[in-house]
Structures are given as C-alpha cells and as structure tokens.
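Here is a short briefing for a newcomer. Look over the sequence and the model, then read on for its cores and charged pairs.

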Amino acid sequence: MQTQPKQRQTKHTQGAVPVNSGRTPAERHGGERHGGKRRFARHYLEMVVAMVVGMLVLGAATRGVLALAGTELSASRNRELASLEMAFDMSVGMAVWMRRRGHGWASTLEMCGAMFVPALALFPLLWLDVIAADSMIALEHLVMLPLMFLVMVRRRSEYGC
C-alpha cells in the first residue's frame, strides 16, 4: 500500500505542499524575506541543543553498557577514546535532528565533521603535553562551537541567511 507524502499548509503558499518538496530547509521556511539571521541563529542553537541531547543520552547509554561490562571510559585515563566518544555522541544527536529538519547528507556530515576536527587537531598537543588531559574536553568544545558556525556560514543559503 502506497501512502501519499505528508502535506503541510504554510502561510507562504496557496494550498498544501509536500513536506520535503526538493527545496532547501531555508526555502521551505520562508526564504530570506522573513528573518534569515534569526533562522540562522535558531538553527545554530538547535544544533547546540541536539549536541547536548546526544551527549547526555548516548553518553549515559555508553556509561551504562561499560558499567555492565565492569569497566569505564575515563577522560583522564582514556583521553582520546573519551574525546572521540563525546564527538560521536554529539554528532549522532545533530545528524538525527538535521535529517529530521530536511537537511541533506553533505551538510549533515560537514556539521558532524565539525565535532571530530577539534579532537583530531588537539590530540598532538595532548601527546606533547602542551595541553592537560583534564582540559581536552573543554578545549574541544571551545573549538567546536566556532567551527560549527563556520560550517553554517559556508552553506548560508541552506541555513536561512
């Protein structure tokens, strides 16, 4: 049995349009005419929330599974693994939300890449004892947030600006 695509009524259209009608997410939400910068900022904040949700939910699941196995993932003992696990958890949260909002795979994977690049860039500094293991996660976040912004600027039209 085939189902019809969901229809959505918007204030910018006459009649219903398919939810994913081949337009970018920004176009589906009114284009540049109505607050492109607000939409850009909203998407950025949505990504931060999705990161936090992914980190909390998947992080808790990972800790639970490891506890059942009688082990743990310590940021001080397993610096690189803990860092990559956190980037993965945040990426999953963002990817789920971005795909739900209609973003393509290319922009979704770029945004996920913004979670891993800081870790990979900071690992050599960690190994050379330039940065402390305890500060790795905080530094990762400090680099991730502006990197996410730059990824969004690269695809301005998709994010509504």
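**Cores and charges**

Leaving aside neighbours within four places in sequence, M51 is in contact with M90, M94, M115, M144, L145 and M148. The model is predicted. M51 is a good place to begin, since the text below returns to the core that includes M51.

Nonpolar cores

- The largest nonpolar core has 18 residues, and M51, M94, M111, M115 and M148 touch the most other members.
- Helices α2 (36-68), α3 (79-100), α4 (105-127) and α5 each give two or more residues to this core.
- Another core, of seven residues, lies apart from it; A119, F123, L126 and M136 are among them.

A buried charge

- E140 sits in helix α5, which spans residues 136-154.
- E140 is buried but has no salt bridge.
- The nearest side chain of opposite charge is R79, 11 Å away.
- Not counting residues up to four places away in sequence, E140 touches S83, M86, A87, M115, P118, A119 and L122.

Salt bridges

- The structure holds four salt bridges.
- R42, E46 and R101 are linked in a network.
- R42 pairs with E46, with the closest N and O atoms 3.0 Å apart. Both lie in helix α2, four residues apart.
- R101 meets E46 at 3.2 Å, N to O. R101 is in the loop between α3 and α4, 55 residues from E46.
- E46 counts as buried at 13% relative accessibility, while R42 is partly exposed at 49%.
- R154 in helix α5 and E110 in helix α4 are 44 residues apart. Their salt bridge has its closest N and O atoms 2.7 Å apart.
- R154 is exposed at 60%, whereas E110 is partly exposed at 23%.

Definitions and conventions: Residues numbered from 1 in each chain as written. Predicted model: local features only at pLDDT ≥ 70, side-chain atom pairs only at ≥ 80, totals over all residues. Heavy atoms only, no water. Buried < 20%, exposed > 50% of the residue type's maximum accessible area, 1.4 Å probe, protein only. Lys, Arg positive; Asp, Glu negative; His and termini not counted. Contact = heavy atoms within 4.5 Å. Core = buried A, V, L, I, M, F, W, Y, C linked by side-chain atoms within 4.5 Å.
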